[in-house]
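Here is a set of short exercises to work through with the structure open beside you. Try each task before reading its solution.

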Amino acid sequence: MSVNKILIVGSGASGVHFALSALKKGYEVVMLDVGHTKPAPVNPEDTFSDLKTNLRDPVSYFLGENFEAVVHPGSKGEYYGFPPNKSYVFSKPRNFNLSTQGFEPLLSFARGGLAEAWTGGVYPLNEKELEQFPFTYSDMEPYYGEVARRIGITGCEDDLARFYPVHENLMQPLRLDEHSQRLLAAYSRHKGYLNSKLNCYMGRARVATLSSDRNGRKGCTYTGRCLWSCPSGALYTPSLTLNECKTFSNFTYVPNMYVTHFKFNSQRLIESVIAQSIAGASSCEFSADRFVLAAGTLSSSRIFMESVLQGTGEAITLSGLMDNRQILIPFINLSMIGQKYNPESYQYHQVAMGIESKDQQSYFHALVTTLKTALVHPIIQNIPLDLRTSLRIFRNVRAGLGIVNLNFPDTRRDSSFVTLQPDNRSGRSNLFVKYTSIENEKAVIKRAVRIVKKSLLKLGCIVPPGMMHVRPMGASVHYAGTIPMSTGRAALTASPDCRSNDFENLYFVDGTSFPSLPAKNLTFALMANAVRVADQAF
Amino acid sequence: MSSLFITGFSGFIGSNLVGRIDPRKYQKIYGLGRTQPAGPFPENFQFVKGCICDSQSYARYLDSCETVVHLAAATGKAGPDEYFKVNARGTEKLIEQSQLSGVRNFLHLSTIAVKFADKTRYYYAQSKEQGEQAVRSSLLNYAIVRPTIVIGKEAAIWKTFSRLARKPVLFMVGDGETRIQPIYIEDLIDCLLTILNSNDFSNEIFELGGPEEITFEHLLKRIHHLYHGKEPSVVHIPLKLLRAAFSLLEKGFYSALPINAGQLAAFSNDGTIEMNRLFSMAAPKMKDVNGMLEQVVPISNRADIVTTLENECIAFSRYLLKQNPSRYVIDKYCAAHTNDSFLGVSNPSDFDRFLLRISSTHPALAKLVDCHTSIFLKSSPVRQKWILILAIMETCPPSHDYFDSPDSSGRSLFFAGMICQGVVFIALLCISVIVFLPLRLVLAIYSILIRRT
């Protein structure tokens with residue numbers, strides 16, 4: 001079959017990198033997307049502190065027109081209010097409905113997808129973590145380097161290289177803030193104990209933020225506005241690659257389209273995709289030679305199941321949904337108490353921690369963020385004292401506050417699945433997601449948390465009692481595994497090059513096709529895999 | 001399953017009705033209008049572009065409909081010809097076509113003005129009366145609803161009342177003693193749904209007002225009081241004089257006048273209802289005048305609440321940050337209380353009210369309440385308000401500096417201070433338990449008893 005035209009659903013991290021590779025190979029690429037757009041940055045040159053002074057209405061900027069970023073007492077606790085200027089990332093089209101059990105997912109229909117609001121963590125999966133994949137690290141290595149070249153990744157070879165392989169095109173790390181410097185200095189002093197007794201290793205984080213100017217993008221200017229949307233574009237977001245795709249004459253971007261399903265013929269070849277216009281209720285049909293689902297695991301699964309339902313009348317269930325459990329562990333660095341905090345620094349994690357189980361079979365991935373420009377009222381209200389005392393304590397310990405985000409791996413299980421449920425009222429079917437945790441999860445969490453607490457104590461940090469927060473499943477936004485890659489040809493699986501074993505001209509380049517989920521942030525592996533598929537299968 | 005046909009679906013009453021109709025009861029809901037508004041609408045809603053005066057534009061949609069809800073009308077500053085064209089002849093055409101298409105039931109929205117004794121030059125009321133006549137002489141099963149003044153945030157009449165009443169001096173047409181019986185929009189919609197859902201089309205006229213009668217002057221005075229916290233000065237304008245002036249001016253400047261002479265009839269004819277079974281059934285659940293004003297006057301504009309909120313903001317800011325809030329902070333604090341997410345604070349329990357009140361009176365009491373709520377009532381209204389103040393003040397100048405800098409004491413003094421603060425906290429917590437827990441119990445029992453009586 002001669003393939004000229006490829007249709008991609010979704011403009012997230014994997015979709016845009018697949019598109020860029022396919023465009024460079026000369027394919028005609030059409031991308032369908034709901035594509036909510038981000039607002040223009042305000043006062044791009046201002047630092048975080050300047051914004052509070054220079055904006056005409058700073059409260060509306062930081063808390064939202066309707067105070068939606070105020071974190072109320074008793075609300076399900078995160079340690080920061082979500083910036084109102086990023087709310088577009090999670091707004092949903094009217095015709096998307098979802099019900100869940102044991103899972104609180106975040107979905108994005110933004111231009112650039114969920115990674116428009118990410119924290120830039122980019123960690124390659126190593127040989128061991130790719131054991132259940134139908135390819136090895138050496139197959140992936142060139143694509144890690146290629147993605148690093150495209151997006152700009154800072155990092156270095158240190159103790160964490162035993163967990164994160166060093167690939168090509170790493171830039172010099174970002175400038176460290178003082179708190180992170182002290183943590184790494186303490187690690188150097190106590191490395192022997194931490195490595196040998198706790199199997200805990202620390203080093204520089206790998207982040208998709210430029211440390212110097214590159215390809216027309218500015219290096220980090222340390223304005224402290226990372227959480228509030230990087231105004232300079234130093235922190236990579238997929239919409240930057242989407243803009244690069246738009247410079248190709250063989251690329252067509254069609255926003256405001258909510259894809260419902262595809263149509264296939266009796267030979268199970270997909271002929272077209274049906275999408276509804278967001279502006280009106282009209283349906284549109286788009287044809288192509290090959291179809292690529294890159295809408296994110298949950299949305300891609302929905303489109304796949306709806307297509308089977310529409311084409312055959314069969315309601316299917318896709319089992320094996322995975323997600324990383326995340327635990328937030330706030331800490332105070334005692335050596336920083338009484339210091340004035342410096343908001344003009346990189347705000348997301350600059351230090352990472354890798355913890356291995358004693359038998360070296362399990363790896364837990366932790367990101368250490370020194371808290372600076374997040375809103376403070378959500379933290380103050382979590383201190384188990386009266387607010388006035390809490391505020392006084394907070395002011396004095398602010399420079400030494402930090403948070404460890406501890407990630408756990410996941411595996412495919414039949415008890416975690418996605419399916420469609422009929423909605424009698426609308427006549428459509430809604431996505432239903434059910435997640436069941438692993439049996440011994442509590443014990444695993446307890447062991448890992450104990451190691452983190454001991455490590456922090458050795459670094460001169462204490463964990464205030466009662467403030468640890470177990471995030472609900474779905475909060476990590478690392479969803480995967482509903483149509484896994486394998487070397488077999490079973491139904492509801494994909495080939496090693498992510499081609500559907502049910503439809504010959506359908507590909508999954510998002511997390512849908514990942515057969516296992518290591519503890520690391522998934523996005524880098526998704527982007528590299530998308531480039532691999534475009535390179536090897538097209 | 002049959003379909004429903006609605007005229008005037010995009011108007012004030014129509015949009016409220018469409019939003020509350022159960023779409024599962026109908027195969028299709030057709031909405032007749034000239035332009036399609038944005039919605040949202042139920043899944044089975046279909047817009048029909050047309051006009052009631054042109055029956056060809058909608059005739060084929062009536063074929064599958066058992067019931068027609070006729071809400072479309074020319075109102076406000078329409079010219080006399082327009083009133084009769086739409087309200088009289090348009091209704092006649094709709095009825096004629098409904099009969100031809102096999103429609104069985106007809107719900108007609110009329111007006112209380114139809115029964116005004118004096119309708120001289122009041123073309124709206126005259127035309128609606130002719131419309132009613134057409135309904136009554138048809139072969140359809142009908143229900144005619146005559147609402148009084150309908151109050152709702154988006155109602156044109158409410159906007160006019162609000163504009164008039166907010167002025168420092170109240171200009172009252174006539175003696176102000178004309179009696180009216182306003183009805184809240186949601187209560188009117190409840191009544192219309194009762195007719196639709198029970199298929200109650202037994203050729204009756206239902207006059208519908210709210211549960212409270214009030215004079216025009218008292219209503220405007222109450223609105224004024226909500227906005228300004230005091231009684232307004234009232235200037236009465238003789239009705240006869242005004243009518244004569246408007247009658248003269250209408251001849252040359254009809255379209256330029258804010259109201260027409262006929263509309264002044266509302267100031268001389270009582271707009272109250274005759275008792276009927278639909279009203280008797282619905283009245284116990286209806287909002288009285290104060291209830292509906294609470295819904296339509298934004299909290300941030302209500303003088304009594306604004307004063308309380310401003311005092312709260314100042315007291316809480318002094319307690320938490322030891323500084324007075326700027327005007328900007330006070331305005332933001334008040335504005336947050338109009339937001340839905342803070343409305344829960346508007347209905348606190350008696351104990352919550354008590355904690356709020358004493359926290360605003362003295363920092364020492366605020367500290368006691370703070371210790372208590374930090375352990376026992378983490379989501380209490382007073383704590384929500386404190387968190388709101390912190391959120392506002394950390395994000396704007398000059399107060400954000402307070403959050404950004406440590407206090408001047410050294411590290412060892414800080415630790416010593418913390419130990420003292422911890423001891424004080426535990427002591428105050430114990431005192432608060434001894435004082436507040438019995439009080440909370442008493443107030444809870446008291447409110448249960450009050451509710452029972």
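The exercises below concern a predicted model.

**Exercise 1. The side of chain B that touches chain A**

Find how many residues each chain brings to the contact, and which helix of chain B gives the most.

Solution. Start with the totals: chain A brings 35 residues and chain B brings 38 residues. Next, look for the helices of chain B that each supply at least two residues to this side: these are α11 (303–321), α12 (327–336), α14 (363–375), α15 (381–394), α16 (400–404) and α17 (411–452). The helix that gives the most is α15(B), with nine residues. Finally, sort the chain B side by class: 18 residues are nonpolar, ten are polar and ten are charged.

**Exercise 2. Two helices of chain B**

How are α11(B) and α15(B) oriented, roughly parallel or roughly perpendicular to each other?

Solution. First take the geometry: the axes of α11(B) and α15(B) lie 10 Å apart, and the packing angle is about 75 degrees. Angles of 65 to 115 degrees count as roughly perpendicular, so α11(B) and α15(B) are roughly perpendicular to each other. Now find the residues that meet. From α11(B) come Glu312(B), Cys313(B), Phe316(B), Ser317(B), Leu320(B) and Leu321(B), and from α15(B) come Lys385(B), Trp386(B), Ile389(B), Leu390(B) and Met393(B). By class, this contact has eight nonpolar, one polar and two charged residues.

**Exercise 3. The nonpolar cores**

Locate the largest nonpolar core and the helix that gives the largest share of this core.

Solution. The largest nonpolar core holds 143 residues, and Ile8(A), Phe18(A), Ala19(A), Val292(A) and Ala366(A) have the most contacts inside it. Its largest share, nine residues, comes from helix α11 (residues 523–537) of chain A. Then zoom in on Ala19(A): beyond its neighbours within four places in sequence, Ala19(A) is in contact with Ile8(A), Val29(A), Met31(A), Cys245(A) and Phe251(A). Another core, of 81 residues, lies apart from the largest one, and includes Tyr58(B), Phe206(B), Leu219(B) and Ile223(B).

**Exercise 4. A helix of chain A**

Why can α11(A) be called largely enclosed by the rest of the structure?

Solution. Check its length first: at 1.5 Å a residue, the 15 residues should span 21 Å, and the end C-alpha atoms of α11(A) are indeed 21 Å apart. Then count burial: twelve of the 15 residues of α11(A) are buried, so this helix is largely enclosed. Among the buried ones are Phe524(A), Leu526(A), Asn529(A) and Arg532(A). Last, find their partners: the buried residues of α11(A) pack against α1 (13–24), α4 (137–151) and β21 (506–508) of chain A.

Technical notes
Residues are numbered from 1 along each chain as its sequence is written. Chains are lettered from A and ligands numbered from 1 in the order in which they are written. This is a predicted model: local features need pLDDT of at least 70, side-chain atom pairs count only at pLDDT 80 or more; totals for chains, interfaces and linings use all residues. Two residues are in contact if their C-beta atoms, placed from the backbone, lie within 7 Å. Helices (H or I, at least four residues) and strands (E, at least two) are DSSP runs, numbered from the N terminus. Ala, Val, Leu, Ile, Met, Phe, Trp, Tyr, Cys and Pro count as nonpolar, Asp, Glu, Lys and Arg as charged, and the others, Gly among them, as polar. A nonpolar core is a set of buried Ala, Val, Leu, Ile, Met, Phe, Trp, Tyr and Cys residues joined through C-beta atoms within 7 Å. A residue is buried if 20 or more other C-beta atoms lie within 10 Å of its own, exposed if 12 or fewer, and partly exposed in between; C-beta atoms are placed from the backbone. Axes are lines fitted to C-alpha atoms, for helices over the stretch in contact, and angles run from 0 to 180 degrees between N-to-C directions. Angles under 35 degrees count as roughly parallel, over 145 as roughly antiparallel, 65 to 115 as roughly perpendicular and the rest as oblique. The expected span of a helix is 1.5 Å times one less than its number of residues.
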